[in-house]
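Colleague: Could you walk me through this model and tell me what lies behind each term you use?
Modeller: Gladly; have a look at it first.

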Amino acid sequence: MRKLSIGSRLTLWYLAIFTAAELFFGVGMWLVLRQDLYGIADDALTAQVEDVASFLKSQKKKNMTVDKLREEASEAYVLEHSGDFLQIYDADGNWLFRASSLVQNQVEALTPAATKRPSFTNIQLGSKPFRFVTQRIEVNGRAYTVQTGVPADQIIATLSRFRRYLLMLAPLVLFAAASGGYWLSRKALRPVDAITRTARSIGGGNLGDRVEKLTTGDELQRLSDTLNEMLKRIEGAFLRVTQFTADASHELRTPISLIRTEAEIALRKSRGNEEYREALRHVLLEAEKTSTLVEELLTLARTDSGRESLHLTLLDLCSAIGETANEWRQLVESRNLQFRQAIANSDLAVLADRRAIQRLLAILLDNAVKYTPPPGVVELRLEGRDDKAVITVRDSGIGIIEQDQARIFERFYRADKARSRALGGDGIGLAIADWIVQQHRGSIAVQSSIGNGSSFVVELPLQPAPAVLDLAQANTLLDCSVNAPEKPCI
Ligand code: ADP
């Protein structure tokens, strides 16, 4: 079953609440009116009983017989209005007065025991409604029961008129309430319709469009602002993906066309074995580069989709970086560069993924080696500073100009495209390094000047673990340059 729209549901709620309120108000008013009207009648009846009491009190003659009293009562009440529906009888059940209307309608006397306090009842005499009081009174040492009534037709007519008006007005009021509710809900929800229409029309081709900006200062404005912020984020993400795809395709095109050209040239004429081997070596080299590039592109894609997750554990940086230093020393030296290491001789515990940290160092050291012509120096340092572990990879290479320093962490950005490509660079390494550092809640920065080399400084938050030695000790650095003995670096 199709669900009702919010507008219709609001209207129904409005209607239900109004109906309940009207019912409550109507019934309440009717009860109050009824109570008031009967209250007025009851006051009149009480006054009549008091009148009878004073009449009986005035009959003071000693030894007055019932017959005499009956005579006096007839004289007093037969022609009186107040006697029209009156009957009086004593404790022995002798009638003192009985209005003819009551005799005709055979209104029986109530038992005196039940009438200690005035008791009011509604009685039908013939076709007419009446309000009656029955009360036992004690006069001159004798008990009498007085019963008297007044017509209640006016009261009932007023009450039924009131009820009629209520029933007549109720549908009108409810109709007005429903129409008002519908109009109000339509008015309140009109901006939502507009937002829905725009949101529905937004797709990949017009992600730059925004829903109408409301200035109502209420929930609807918050909704439109939130939607626009969300659209902005989606647009950003969409543009990044599109850009990534374009950049990735562009990066892949070069090595693939190099492989193709190499193969085409080799096949153009028949050649000797050595020439074929040389061509295949080139093809293999480019294929390896392409594999590395594809690996890195996959890493980036996984980081974007949130599927590349790190496994952070308490890691002793000193030993992890010492290991890396040992692995890299040989490679650096094989390029005729001097390798220096200065690693704090203490436990610097960080929450880190060991493999990711090694990858980060590999990216920075690889760059240092790539962009430092021999004879130069590549240095790896680790120290504890306040509540941070600081890793520095410094080189004495070509340096980076200031404008490029701000952009080298962007994907596919290369300060010198030709040189980077020639050295096997693809402009992705530092973007991955940046992501790794961010995942460790750290920071990475570069200081560099042309001709004087570059320093990449990574800061990672230290863990307050028992494994961490006192800071003074942690800050003690041991210079472990190439000529220094292997130990006690780690
Ligand atoms: P690439 O694979 O091209 O080296 P990276 O993302 O690692 O990509 O680095 C981006 C760019 O930053 C490099 O192309 C290079 O221009 C510059 N760069 C990075 N490290 C250094 C460095 N140690 N010395 C000089 N330039 C560097």
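Modeller: Let me start with pairing: two strands pair if DSSP finds at least two bridges between them. Helices (H or I, at least four residues) and strands (E, at least two) are DSSP runs, numbered from the N terminus. This is a predicted model, where local features need pLDDT of at least 70 and side-chain atom pairs count only at pLDDT 80 or more, while totals for chains, interfaces and linings use all residues. Residues are numbered from 1 along each chain as its sequence is written, and side-chain values use heavy atoms, with hydrogens and water left out.

Colleague: How do you know that β4 and β5 pair?
Modeller: Strand β4 (residues 128-139) and β5 are joined by 10 bridges, and at least two are required, so they pair; they run antiparallel. One of the partnerships is T134 with Q147 in β5. These strands form a hairpin with two residues between them, where N140 takes a positive phi near 45°.

Colleague: And what makes β1 a partner of β5?
Modeller: Four bridges join β1 (residues 87-90) to β5, again meeting the requirement of at least two, so this is a pair too. The two run antiparallel, and Y89 has T145 in β5 as its bridge partner.

Colleague: Why is β5 called mostly covered?
Modeller: Buried means under 20% relative accessible area, exposed over 50%, and partly exposed in between (1.4 Å probe, protein chains only). Of the 10 residues in β5 (residues 142-151), eight are buried. Across the protein, buried residues make up 36% of the 490 residues.

Colleague: Why is K370 called buried?
Modeller: Its relative accessible area is 18%, which is under 20%, so K370 counts as buried. K370 is found in helix α8 (residues 354-370). Leaving aside neighbours within four places in sequence, K370 is in contact (heavy atoms within 4.5 Å) with L423 and G425.

Colleague: How do you know whether the whole protein matches a compact globule?
Modeller: The radius of gyration is taken over C-alpha atoms, and the globule rule is 2.2 Å times the number of residues to the power 0.38. For 490 residues, a compact globule would have a value near 23 Å, but the protein has 52 Å, so by this rule the protein does not match a compact globule. Its C-alpha atoms fill a box of roughly 160 × 60 × 40 Å along the principal axes.

Colleague: How many helices and strands are there?
Modeller: The protein has 12 helices and 13 strands.
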